[in-house]
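Reader: I'd like a close look at one part of this model, with the neighbours it touches. Could you walk me through it, and then carry on to whatever connects from there?

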Amino acid sequence: MDTIYFDIETSGLDPFKHRPTLFQIKRASDKTIRIFNPGKAKLGNSQKIEGIKELLESNLVVGHNLKFDLKFLRHHFNIEPTNIFDTYIAEILISGGQKARQKGAATLETVAREYTGIQLKKDQVIRQSFNGQELTQEQIQYAAMDVAVLPEIHAKQRQQLKELGLEKVFATEMSCIPATVWLELSGTPIDVEEAKKLEKETRGKLESSRLNVLTILKEAGYRNLDLEGMPAVNLDSPAKLLKALKAIGLDLASTDESTLSAMKHPAGKALKEYRKHQKLLNTFLEKLPKHINPATGRIHANFNQYGTLAGRFSCSKPNLQQLPRDKNIRALFKGNNGSKIITADYSQIELRILAEVSKEPKFIELFNSGGDLHKLTASLIFNKQLDQVSKEERNIAKTINFGLSYGMGAGGLQSNLKDNGIEISSDDARKYIDTFFKSYPKVKWYLEEAGQSAVRDNEIRNIAGRLIKYRPATNESERAAILREGKNNPIQSLNADILKGAMGRLYHKLKSFRAKLINVVHDELVFEVPGEHAETVSLIVKEEMEAAGREYLKSLPVIAEVTVGDVWQK
DNA sequence: AGTCCCTGCGCG
DNA sequence: AAAGCGCGCAGGGACT
C-alpha cells in the first residue's frame with residue numbers, strides 16, 4: 001500500500017456546475033509530483049481516469065479538506081476513496097476543537113506555514129485562472145506546492161495524533177467523510193409549490209399580527225402616528241420597540257421572549273405572535289427556495305463535519321439543523337417520485353450518555369428497564385409514588401433532567417420553566433435541584449469533577465478519547481463558563497462520536513439500496529429511499545445506529561427510533 | 001456597499 | 001449584572 005498526496009483544482013465550488021481542472025498527485029514512493037488535466041479530451045484519457053480511480057481507491061489518500069475533492073471525484077468520475085487522511089480535520093482535532101472556532105486557523109495556507117514554514121500563494125487570481133485552459137509554468141508550480149507540503153504535514157500530524165491518543169477518534173472522523181460527501185451530493189428534496197403556498201399564508205398572518213400590535217399600541221395611547229394614523233414604530237428594532245413600550249407606560253429591560261411572556265399587557269402576546277411569523281417567513285420560507293440548486297432541484301447545504309468545539313456538525317447555506325419543528329415546515333421535505341423519507345433519531349441519547357459516564361445506578365437501572373426517567377425524577381423530587389406524579393411535576397423534572405447536563409442553576413431552571421408556562425419560586429427551584437442531586441449522587445459527583453477538571457486542566461476528554469481544549473480563563477465569568485462547558489462537553493461530544501460512527505457504517509451498508517442521506521441533526525439522520533427498499537433500509541439504519549452507540553455505552557441500551565413516511569417527520 | 005456587533009430566535 | 005451548553009441566520013444600527 002502506497003500513500004498518495006492529493007489535491008485538485010476546479011473551475012468553481014459547486015460540483016454540479018463546475019468541473020475539476022487539475023489533479024495534483026504525489027506518491028510517497030515517487031519523488032515527482034504529477035499534474036494531470038482530467039477534463040482534456042485526449043486519446044487515452046478515460047484509461048488514465050481508470051488508473052487514477054484504481055490508485056485512489058486502493059491506497060491511503062492524504063489531502064486537505066478532502067470532502068471538497070471527494071465530492072468532485074465522486075460526481076464526475078465515480079471515484080470514491082475511503083482510506084483517507086484529512087489534514088484539515090486532523091488539525092482541528094489536534095487543537096482540541098479550538099480551530100473549529102477560529103476562522104482561517106485550519107486552512108492549508110496556515111497549516112503549511114506552521115508545519116513546514118512554507119508560505120503558499122493563495123492568490124484568488126491564480127486560483128480562478130484554473131479554468132481548463134493551458135496552464136502557465138507558474139500556475140503549475142503553485143498547484144504542485146499544495147501537495148508538496150502534504151508529506152511533512154501528514155508525518156507530523158500522525159505523530160501528534162499518536163502522542164495525544166487521538167487515533168481512534170480520528171478514525172471515526174475519517175470514516176465519516178465519505179458519508180458527508182454522500183450527504184452533500186444527495187441534497188435535500190423540497191416541495192417548492194407547498195413552500196410558496198405556506199409563504200403566502202404566513203405573509204397574511206404576519207400582516208394581521210402586525211396590525212394587531214399597532215392597534216394595541218394606539219389604543220394604549222401611543223401618539224407618534226404615521227400618515228395612516230397608525231403608530232410609527234419599527235417592530236423589528238428592539239431599541240425602537242422598547243421606547244414605544246415605554247411611551248405607553250411599560251418599562252422593560254428587554255424585548256426578548258421571556259420578558260414578553262411575563263407581561264400582563266396584551267402587547268406582549270401580540271408581539272410574540274408577530275415575531276413568530278416574522279421568523280418563519282424571513283429565515284425559512286423566503287430563504288429556502290433560494291438555495292435550490294438548478295442542476296438537481298434540491299438543496300445542497302454545507303455540512304461542516306467538525307463545526308464545533310465538541311466535534312458536532314454545523315450546517316450553513318442554509319442551516320438545515322435549525323428548521324422549525326413545525327409540522328407544516330417539516331412536511332415540505334418530501335421524497336421525490338414516491339420515494340420514502342426515513343427519520344431516525346437516538347432516544348434520549350445525552351441522558352443515556354450521562355448514565356454511562358456517571359455510573360449512576362438509578363439512571364442505569366431505569367434505562368435498562370425501559371422506564372420513564374422524567375417520571376422517576378419527578379417522584380424523587382416531589383417524594384411521591386410514580387403513579388401519583390402529575391403532568392406538571394413531570395415537566396419540571398424533564399426540564400431539570402435536560403438542564404442539569406448543561407450546568408443549569410436555580411435561576412435558569414426558574415426562567416426556563418416560566419417560558420413553558422410554569423411559575424415556581426427561586427426557593428423551590430433551589431430545592432428541586434438539591435433534591436435532584438441528592439437522589440442521583442453519582443451524577444452530582446461526575447458533573448462536579450468534569451467541570452472542575454476542565455477549569456484545572458483547560459481541557460477535557462470524552463470516553464471515546466476526543467479532546468476538547470479551552471482557552472484559559474482570564475476572569476471569573478470565563479472560569480464559570482469553562483466549568484459549565486466541562487460538564488456538558490464530554491456528553492455532547494460523545495453524541496457526536498456515536499453519530500459519526502453510525503454515518504460511517506451506513507455509508508457502506510446502504511450502498512446497494514439507492515438510499516440518499518439528506519440531513520443530519522446532532523442525534524438524527526434523515527434518508528430518502530425508493531419505496532421498495534424503505535422497510536429494509538429502516539431496519540439497517542436502526543441496527544447500525546444502535547451498534548454505533550454500543551461501541552461506547554456498555555451498561556445500558558442505546559435506542560434509535562425510526563419512522564418511515566412520505567415526509568420528514570418523527 | 002461592505003463589515004462588525006447587538007438583539008433575538010430557530011434547532012439539538 | 002447575570003450567568004445552562006453548542007451552533008447559524010436575520011434585521012437593525014453604527015461605522016468605514
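Author: Let's start with Leu288, which sits in the loop between helix H13 (266-285) and strand S7 (292-293). Keep in mind that this is a predicted model. Is Leu288 buried or exposed? Its relative accessibility is 4%, and buried means under 20%, so Leu288 counts as buried. What does Leu288 touch, leaving aside residues up to four places away in sequence? The list is Ile190, Ile299, Pro318, Leu320, Leu323 and Phe333.

One of those contacts, Leu323, takes us to the DNA. Leu323 is among the closest residues to DNA strand B, along with Thr255, Gln322, Arg325 and Asp523. In total, 19 residues surround that strand. Of the strand B atoms that come within 4 Å of the protein, 76% belong to sugar and phosphate. By class, the surface near DNA strand B has 9 charged, 6 polar and 4 nonpolar residues.

A few polar contacts give you something to zoom in on. Arg325 has a polar backbone atom 2.8 Å from a phosphate oxygen of DNA strand B. Glu257 also uses its backbone: an N or O atom there lies 3.0 Å from a phosphate oxygen of the strand. With Lys279, look at the side chain instead, where an N or O atom is 2.9 Å from a base oxygen of DNA strand B.

Now for another part of the chain. Leu288 and Tyr440 are 152 residues apart in sequence, and their C-alpha atoms are 44 Å apart in space. Helix H21 covers residues 441-457. From first C-alpha to last, the 17 residues of H21 reach 24 Å, close to the 24 Å expected at 1.5 Å a residue. Its buried residues are Val443, Tyr446, Leu447, Ala450, Gly451, Ser453 and Ala454. Why do they end up on the same side of H21? Because they cover an arc of only 165° around the axis. Trp445 and Arg456, on the other side of H21, are exposed.

What do the buried residues of H21 pack against? Their partners are helix H15 (349-358), helix H16 (361-369), helix H18 (391-404), helix H20 (426-439), strand S12 (459-461) and helix H22 (476-509). After H21 comes Asn458, with a positive phi near 55°.

Note on methods. Residues are numbered from 1 along each chain as its sequence is written. Chains are lettered from A and ligands numbered from 1 in the order in which they are written. This is a predicted model: local features need pLDDT of at least 70, side-chain atom pairs count only at pLDDT 80 or more; totals for chains, interfaces and linings use all residues. Side-chain values use heavy atoms; hydrogens and water are left out. A residue is near a molecule or strand if one of its heavy atoms lies within 4 Å of it. A polar contact is a pair of N or O atoms within 3.5 Å; within protein, one must be able to donate a hydrogen and the other to accept it, and residues adjacent in sequence count only if both atoms are side-chain atoms. Ala, Val, Leu, Ile, Met, Phe, Trp, Tyr, Cys and Pro count as nonpolar, Asp, Glu, Lys and Arg as charged, and the others, Gly among them, as polar. Helices (H or I, at least four residues) and strands (E, at least two) are DSSP runs, numbered from the N terminus. The expected span of a helix is 1.5 Å times one less than its number of residues. Buried means under 20% relative accessible area, exposed over 50%, partly exposed in between (1.4 Å probe, protein chains only). The arc is that of the directions from the helix axis to the C-beta atoms. Contact means heavy atoms within 4.5 Å.
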